[in-house]
Number of protein chains: 2
Amino acid sequence: MNATTKTAPAKLTTPTDRTLHVERIFNASRERVWRAYTEPKLLAQWWGRGNQLDIERYEFARGGHWRFVEHSDHGAHGFEGRFREVTPMERISMTFEWDGMPGYPAISTVEFEDLGDGRTKVTSTMQFYTPEERDGMLKSGMEGGMNASYAALDALLAKMS
Amino acid sequence: MNATTKTAPAKLTTPTDRTLHVERIFNASRERVWRAYTEPKLLAQWWGRGNQLDIERYEFARGGHWRFVEHSDHGAHGFEGRFREVTPMERISMTFEWDGMPGYPAISTVEFEDLGDGRTKVTSTMQFYTPEERDGMLKSGMEGGMNASYAALDALLAKMS
């Protein structure tokens, strides 16, 4: 890895007791990062960190529903939600719910910032109803999973030239 | 209305800045009130306050989805969510989302208490992500709509003997 491909590790913080905040810089244009986040065929290549990901529903517009099923050694895990906001190249906000805890949605918001030097900063926030739900997400191993997803995304972005 | 059919008006309070709390006593057994809340054919007779209610989906178990469409003079309004908990005769908890504000679910929890004198107390709470969402619900006319639904439920319960 040389200077031009270096990316900072993800920075996870907890601004309030019901939120998570993650910043991660990717070594690719905002247009390319946006595509990797929003085109199902590309999304399926990194979101599951190497696990098979079936995108069962992906109505990418305000009010639309989405549903992914990830197949791992531990079985199938379903995730789903509904889009609250889709602002091209700028922001996606949606509910996010894991089948294992049905009826406990969080709000996931992802923002894309063009750093002007060919890199893109992605800021992800999650809002929960209660501190306990936020802490449950932290203890679920989400940070490791997230970093593995981001590494897979780095690799995909490098191939997308 | 005589003494035996008297019910107290619904009591709406705001225990925290992100919650609503409603108590209402019904002049019927808990078993009858539970049926009116959980059997689609009965639910459709009071929830819409006289408006046609299409129950498009009603998977009444933890993890199941529900979706109602109410047809009023102002058009069709969709509501949907997912069951978090179903404890027969005691408690139903679910997400509740209006199509007009997609991605802004609230948690609706309904509890049923047998008052021991043939009446049943129903306690409904709603939890929101933010005070603004709670206040938006209050300003939407929900209290009037709720009281109209409860009056329709009174009438249905009286017929269910």
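## Between the chains

How many salt bridges are there between chain A and chain B? The count is 6, and since this is a predicted model, that number comes from predicted coordinates. One of these salt bridges joins the side chains of A:Arg82 and B:Glu97, at 3.5 Å from N to O. Polar contacts add to the picture: 18 residue pairs across chain A and chain B make one, with both partners at pLDDT 80 or more.

As for where chain A's share comes from, strands S5 (75–87), S6 (91–98) and S7 (106–114) of chain A each put at least two residues on the side that touches chain B. S5(A) gives the most, with 4 residues. Sorted by character, the residues on that side of chain A come out as 9 nonpolar, 7 polar and 8 charged.

## Contact and buried area

In terms of plain contact, 24 residues of chain A meet 24 residues of chain B. Together the two chains bury about 1900 Å², with 46% of that on carbon and sulfur atoms. Three residues stand out on the chain A side: A:Arg82, A:Arg84 and A:Tyr129 supply 38% of the area that chain A buries against chain B, more than any other three residues. A:Arg82 is also the residue that meets B:Glu97 in a salt bridge.

## Aromatic pairs

Now for the rings: over all chains, the count is 29 aromatic pairs. Take A:Trp47 and A:Phe79, which sit edge-to-face with 5.3 Å between centres and 75° between planes. This pair ties together distant parts of the chain, 32 residues apart: A:Trp47 lies in the loop between helix H2 (40–46) and strand S3 (52–58) of chain A, while A:Phe79 belongs to strand S5 of chain A. A:Trp47 has 18% relative accessibility, so it counts as buried, and A:Phe79 counts as buried because its value is 13%.

A:Phe60 and A:Phe83 make another pair, with centres 5.3 Å apart and planes at 85°, so they too are edge-to-face. Here the link spans 23 residues, from A:Phe60 in the loop between S3 and strand S4 (65–72) of chain A to A:Phe83 in strand S5 of chain A. Buried or partly exposed: which is A:Phe60? At 25% relative accessibility, A:Phe60 counts as partly exposed, whereas A:Phe83, at 1%, counts as buried.

## The ring cluster

Both of those pairs feed into a wider cluster in chain A. Ring pairs link A:Trp47, A:Phe79, A:Phe60 and A:Phe83 with A:Trp34, A:Tyr37, A:Trp46, A:Tyr58, A:Trp66, A:Phe68, A:Phe96 and A:Phe112.

Definitions and conventions
Residues are numbered from 1 along each chain as its sequence is written. Chains are lettered from A and ligands numbered from 1 in the order in which they are written. This is a predicted model: local features need pLDDT of at least 70, side-chain atom pairs count only at pLDDT 80 or more; totals for chains, interfaces and linings use all residues. Side-chain values use heavy atoms; hydrogens and water are left out. Contact means heavy atoms within 4.5 Å. Buried area is the accessible area (1.4 Å probe) that two parts lose on being put together, summed over both. A salt bridge is a side-chain nitrogen of Lys or Arg within 4 Å of a carboxyl oxygen of Asp or Glu. A polar contact is a pair of N or O atoms within 3.5 Å; within protein, one must be able to donate a hydrogen and the other to accept it, and residues adjacent in sequence count only if both atoms are side-chain atoms. Ala, Val, Leu, Ile, Met, Phe, Trp, Tyr, Cys and Pro count as nonpolar, Asp, Glu, Lys and Arg as charged, and the others, Gly among them, as polar. Rings of Phe, Tyr and Trp (its six-membered ring) pair if their centres lie within 6.5 Å; planes under 30 degrees apart count as stacked, over 60 as edge-to-face and the rest as tilted. Buried means under 20% relative accessible area, exposed over 50%, partly exposed in between (1.4 Å probe, protein chains only).
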